[in-house]
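Reader: I would like to learn how to read the sheet, the cores and the hollow spaces of a protein model, one feature at a time. Could you take me through them, giving the general idea before the particular case?

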Amino acid sequence: MIFKSVGDDRPYPDHGRHRTRDWAEIPPRQVRLDELVTTKATLDLHSLLSEDSTFYGDLFAHVVQWRGALYLEDGLHRALRAALQQRNLLHARVLEL
């Protein structure tokens, strides 16, 4: 299994960080893919296969740590790319709530 769990929603409260620059103040760190719970159950293949998928967004995935769990809020395509490349770590900005 790639992820700890596959979810389809955000069970944590709204944290107010909605723009990329809101996340920029959080330094990235490595997280294990098998510790992540996704907040999306589906993925647009155009995002996964696009060579410039990070051109307009953050280079790092966005993860929310809440009640001991790590929720992958943004960057599912990055996480799947890492898994397809046989990597078990992902660089992400982790917001602790």
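Author: Let us begin with the sheet, keeping in mind that this is a predicted model. Strands of a sheet pair through backbone hydrogen bonds, either parallel or antiparallel. Here an open sheet of 6 strands runs in the order 1-3-5-4-6-2, and its pairing is mixed. Strand 1 (5-6) and strand 2 (28-32) are the edge strands, each of them pairing on one side only.

Reader: How many helices accompany the strands, and what pattern do they follow along the sequence?

Author: The protein has 3 helices alongside its 6 strands, and reading along the sequence gives the pattern β-α-β-β-α-β-β-α-β. Among contacts between residues at least 6 apart in sequence, 83% join residues at least 24 apart.

Reader: In which sense do strand 4 and strand 5 pair, and over how many bridges?

Author: Strand 4 and strand 5 pair in the antiparallel sense, over 5 bridges. One pair of residues to look for is Val 63 with Leu 72, the latter being the bridge partner of Val 63 in strand 5.

Reader: Which residues have the most contacts inside the largest nonpolar core?

Author: A core of this kind is read from buried nonpolar residues whose side chains are joined by contacts. The largest one has 14 residues, and those with the most contacts inside it are Phe 3, Val 31, Leu 33, Leu 36, Val 63, Leu 72 and Leu 90. Two or more residues come to this core from each of strand 4, strand 5 (69-74), helix 3 (76-84) and strand 6 (89-96). A second, separate core has 9 residues, including Trp 23, Val 64, Trp 66 and Ala 69. For the surroundings of a single core residue, take Leu 36, which, leaving aside its neighbours within four places in sequence, is in contact with residues including Phe 3, Val 31, Val 63, Leu 72 and Leu 90.

Reader: Which residues line the largest pocket, and what classes do they belong to?

Author: A pocket is an open space, whereas a cavity is one from which the probe cannot get out. The largest pocket holds about 170 Å³ of space, and its lining is made up of Arg 10, Tyr 12, Pro 13, Asp 14, His 15, Arg 17, His 18, Trp 23, Lys 40, His 62, Glu 73 and Asp 74. By class, that lining has 3 nonpolar, 3 polar and 6 charged residues.

Reader: Is His 62, in that lining, buried or exposed?

Author: His 62 counts as buried because its relative accessible area is 4%, under the 20% cut-off. This residue is found in strand 4 (residues 61-66), and, apart from neighbours within four places in sequence, His 62 is in contact with Trp 23, Tyr 71, Leu 72, Glu 73, Asp 74 and Arg 93.

Reader: What volume does the largest cavity have, and which strand gives the most to its lining?

Author: The largest cavity has a volume of about 40 Å³, and the structure holds 1 cavity of 30 Å³ or more. Strand 5 gives the most to the lining, with 3 residues; the lining residues are Thr 38, Thr 39, Lys 40, Leu 72, Glu 73, Asp 74, Gly 75 and Leu 76.

Reader: Where does Ala 41 lie, and what does it touch?

Author: Ala 41 lies in the loop between strand 3 (36-38) and helix 2 (45-49), and, not counting residues up to four places away in sequence, Ala 41 touches Val 6, Gly 7 and Asp 8. Its relative accessible area is 47%, so Ala 41 is partly exposed.

How values were computed. Residues numbered from 1 in each chain as written. Predicted model: local features only at pLDDT ≥ 70, side-chain atom pairs only at ≥ 80, totals over all residues. Heavy atoms only, no water. 1 Å grid on protein atoms, 1.4 Å probe; cavity = no way out; pocket = protein on both sides within 12 Å on 5 of 7 lines; lining within 4 Å. Points joined across faces, edges and corners; volume = space filled by probe spheres on them. Nonpolar A, V, L, I, M, F, W, Y, C, P; charged D, E, K, R; others polar. Helix = DSSP H or I, 4+ residues; strand = E, 2+ residues; numbered from the N terminus. Buried < 20%, exposed > 50% of the residue type's maximum accessible area, 1.4 Å probe, protein only. Contact = heavy atoms within 4.5 Å. Core = buried A, V, L, I, M, F, W, Y, C linked by side-chain atoms within 4.5 Å. Pairing = 2+ DSSP bridges.
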